[in-house]
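Reader: I should like to learn how to read a ligand site and a domain interface in a model. Where should one begin?

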Amino acid sequence: MSAQVSREIRLKARPTGLPTKDDFELASVELKAPAEGEVQVRNLWMSVDPYMRARMIDRPSYAPPFQLGQPLQGAAVGEVVASRYPAFKSGDIVRSMFGWRESFNAPAKVIEKIDLRGLPMQTFLGAAGGPGLAAYVGLLKIAELKDGDVVFVSAASGAVGSIVCQIAKIKGHTVIASTGGTDKCVYLEELGVDHIIDYKATKDIPAALRNAAPHGIDVYFDNVGGAHLEAAIEVARPFARFALCGMISQYNGETPAGPRNILLAVSKSLTLKGFVINDHFQLMGELANQIAVWFAAGKLKARESVAEGIDSAPEAFLKLFSGDKIGKMLVRLG
Ligand code: NAP
């Protein structure tokens, strides 16, 4: 097998504030034939995710920081093109953490073969992947959703939020969803959400939330933090449960902000519980089975925004912060 060229995106500079395209660089590497125990994979899809912003900072966290001059990492789905490991063969569809590059060699043991279950392969980066797991675990295990709960979700038209909305609707709940922009509000209507808040069109998120939930909310699924979290605390019913999934409004800030009304968590006996999907990977198979059933029954949609080609990956990543996309943001590489 002759050596091939693979293009990859490297971290050129550690961003301060909102990242820019100048923080990334495109490079080419020569890929040799895989060694004994390795597979060679041609990536077909890669994911861009908000947590990658935190990995651009040089500090310890649950995932190690990206290194300057090195390719970024993240979830990707691809096709095995050469294998020197018996359990893999050419044509197998696999998921890995070797995103941000066109092709790679890696030990077979760190690659996961996917049973597609009738789903499009890129769904394994969205509804049947990390974002879907965050929605599933956050709503059902962390917030312990129960009958009659009124659920509030922020970043509701995104990868995680849109699955939260749909699971909550499938289970018969009243759902209040916040997003920024008319086209995304229309999408949330299509998903059957009961009350939609366009946070970019309102100056007063608590008032909009109170209007949607005059008797308060029981569950808040937080993707955004900041003003949304404060509004949820203000409008929460006593004993409401908060699944703290992410706080994207804070990721580019130098100084952490709020919630300024955290004292209400005491008087209302609120439960605020953070979580990271890495602690729940054992549920990935259960999630994929459930998503496949809902998908086949037409109960769940997995909308995508797709950028084309490895060189478009930095711009796709930046769209997570501008909100210039609907559903799961993906980059098609194949
Ligand atoms: P996403 O929602 O598809 O994309 C990000 C969205 O965030 C944007 O579309 C935008 O929504 C919103 N946003 C960006 N800046 C904002 C701001 N300043 N104020 C309000 N909204 C803002 O991304 P995702 O992958 O589904 O992730 C959503 C959240 O879940 C993130 O916080 C992420 O870190 C978290 N997450 C956590 C875990 C975990 O293990 N805990 C796993 C996956 C994801 P609009 O378009 O509505 O403006």
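**The ligand shell and the two domains**

Author: The shell around the ligand consists of 16 nonpolar, 8 polar and 2 charged residues. Please bear in mind that this is a predicted model.

Reader: How many residues surround the ligand, and which are the closest?

Author: A residue is counted as near when one of its heavy atoms lies within 4 Å of the molecule. Here 26 residues surround the ligand, with T179, K184, Y199, Y251 and K325 the closest.

Reader: Which helices each supply at least two residues of this shell?

Author: Among the elements that do so are α3 (159–170) and α9 (313–322).

Reader: How does one read the polar contacts of the ligand?

Author: One looks for pairs of N or O atoms within 3.5 Å. In this structure, a polar side-chain atom of K325 is 2.6 Å from an oxygen atom of the ligand. Backbone atoms take part as well: a polar one of V160 lies 2.7 Å from a ligand oxygen, and a polar one of C245 lies 2.8 Å from a ligand nitrogen. Of the 900 Å² of accessible area that the ligand has on its own, the protein covers 90%.

Reader: Which domains each give at least three residues to the shell?

Author: Both domain 1 (4–126 + 303–332) and domain 2 (130–278) do so. The C-alpha centres of domain 1 and domain 2 are 29 Å apart. Their contact involves 19 residues from domain 1 and 17 residues from domain 2.

Reader: What area is buried between domain 1 and domain 2?

Author: About 1300 Å² is buried between them, and carbon and sulfur atoms give 56% of that area. On the side of domain 1, Y62, R303 and I326 supply 31% of the area buried against domain 2, more than any other three residues.

Notes:
Residues are numbered from 1 along each chain as its sequence is written. This is a predicted model: local features need pLDDT of at least 70, side-chain atom pairs count only at pLDDT 80 or more; totals for chains, interfaces and linings use all residues. Side-chain values use heavy atoms; hydrogens and water are left out. A polar contact is a pair of N or O atoms within 3.5 Å; within protein, one must be able to donate a hydrogen and the other to accept it, and residues adjacent in sequence count only if both atoms are side-chain atoms. Accessible areas come from the Shrake-Rupley method with a 1.4 Å probe; for residues, only the protein chains shown count as cover. Helices (H or I, at least four residues) and strands (E, at least two) are DSSP runs, numbered from the N terminus. Ala, Val, Leu, Ile, Met, Phe, Trp, Tyr, Cys and Pro count as nonpolar, Asp, Glu, Lys and Arg as charged, and the others, Gly among them, as polar. Domain bounds come from an automatic or database domain assignment. Contact means heavy atoms within 4.5 Å. Buried area is the accessible area (1.4 Å probe) that two parts lose on being put together, summed over both.
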